[in-house]
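Work through the exercises below with the sequence and the structure side by side, and try each task before reading its solution.

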Amino acid sequence: MGDKLLSGAGKTLKALQDKLDTGDLMGGINCEGFKLGVNIAIAQEKKTGRNVLGMLCKGSEPDFHIAPLIIGAHIDHLGSGGGSNSRAKGDDLRKIHFGADDNASGTAGMMEIAQWLVDLKKQGKLDMKRDILFAAWSGEELGLLGSSHFVESLAKMIKGDPNAKLTGMIAACLNMDMIGRFNKTLVLQGVGSSSVWTKEIEKRNAPLGLPISAQADAHLATDSTTFYTRGIPTLNAFTGAHEDYHMPTDTADKINYDKAAQIAKFMGLVARSLSTTHEVPDYIAMEAPKNQGTRTGLRVYLGTIPDYAQGDIKGVKLSGVSPVGPAAKAGVQAGDIIVKLGNKDIQNIYDYTYIMGELKIGEQTTIVVQRNGQTVEMKLTPGSRD
């Protein structure tokens, strides 16, 4: 097949490989006269996941009139077989992926904080001004499914619209995703989501002295992003990637337990501070980094966040949009279903990705969405990831 493709250019696969073996660089080869076709069969799988939620109430019953604080961590991992997210190869792919750091560490930290705060309340040492919801999210590895379901259900319950913003409805979301492999610093992500975080971090870290690296961006591949795109300040604790990420070798013997305990203590101190004040952290909208999550060669940036649990819907449903990205400026909203981009119909995420590659940066186009049963057409000017 390789020789066939190269024949139009008067080359052979062996000659090409021999030249590459010398270390010389090789440009693209124009293979004219060929058409390639592919048939793709998509088998949808439907399964049931469960978020595990517990609430510490300031009174005897939950008080939904005051914005609660959420402390979360995802409880799911890749399990036996690993699936498409595994980085393992060969026989290792079929082994159990233990997920000691990702995310048994974060889940354990969340439960430790819950136990500590409950004990403080029993001793009369926690003057709570708001309830605290502890959440172990399901389906994070599949696309933030559990936390997305939660915010949709909450928005529908409070505002009658599953896609509504929740600013002021939730005080803040503290998240822990992989806090068990401390090396040099604790990475705190989402610091730019609220003006209170810098001062809060400094105060709560004073008794611990953890080396901290603060990152402003709140658009992350973890559950805190679900809340940030709904207008909620977020802070995510993370100790960095490592060679065992999404591998069967992410095991309990490699966890730095002393530092993980200190990180849980730090996040617990932040939680205690936020739960004992009437003030709600302000929310700052930020544009997502334009080089984040991009496919090689795809330079156009719209700022849309697909809903990967959309089911059989034709088009691409959005779970959110970057607050100040091109899509948001055009008027695109969470819950919209994109059915047309430019002059081409969108049936699924594959159509959408392909057509995005044809858009021109800075050149206005149209985007058509289905919103509450109505067709809405908007003018959109794609940005650049550069």
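**Exercise 1.** Decide whether arginine 181 and aspartate 244 are buried or exposed, and then find what links them.

*Solution.* Both arginine 181 and aspartate 244 are buried, where buried means under 20% relative accessible area, exposed over 50%, and partly exposed in between (1.4 Å probe, protein chains only). Next, arginine 181 forms a salt bridge with aspartate 244, their closest N and O atoms being 2.7 Å apart; a salt bridge is a side-chain nitrogen of Lys or Arg within 4 Å of a carboxyl oxygen of Asp or Glu. Finally, salt bridges that share partners join Arg181, Asp244, Asp250 and Lys254 into one network.

This is a predicted model, in which local features need pLDDT of at least 70 and side-chain atom pairs count only at pLDDT 80 or more, while totals for chains, interfaces and linings use all residues. Residues are numbered from 1 along each chain as its sequence is written, and side-chain values use heavy atoms, with hydrogens and water left out.

**Exercise 2.** Describe the salt bridge between lysine 129 and aspartate 127, and state how accessible each partner is.

*Solution.* The two side chains meet at 2.8 Å, N to O. Lysine 129 has 18% relative accessibility and therefore counts as buried, whereas aspartate 127, at 53%, counts as exposed.

**Exercise 3.** Find the salt bridge that joins lysine 14 to aspartate 18, and give the accessibility of each partner.

*Solution.* The side chains of lysine 14 and aspartate 18 meet at 2.8 Å, N to O. Lysine 14 is exposed at 59% relative accessibility, while aspartate 18 is partly exposed, with a relative accessible area of 38%.
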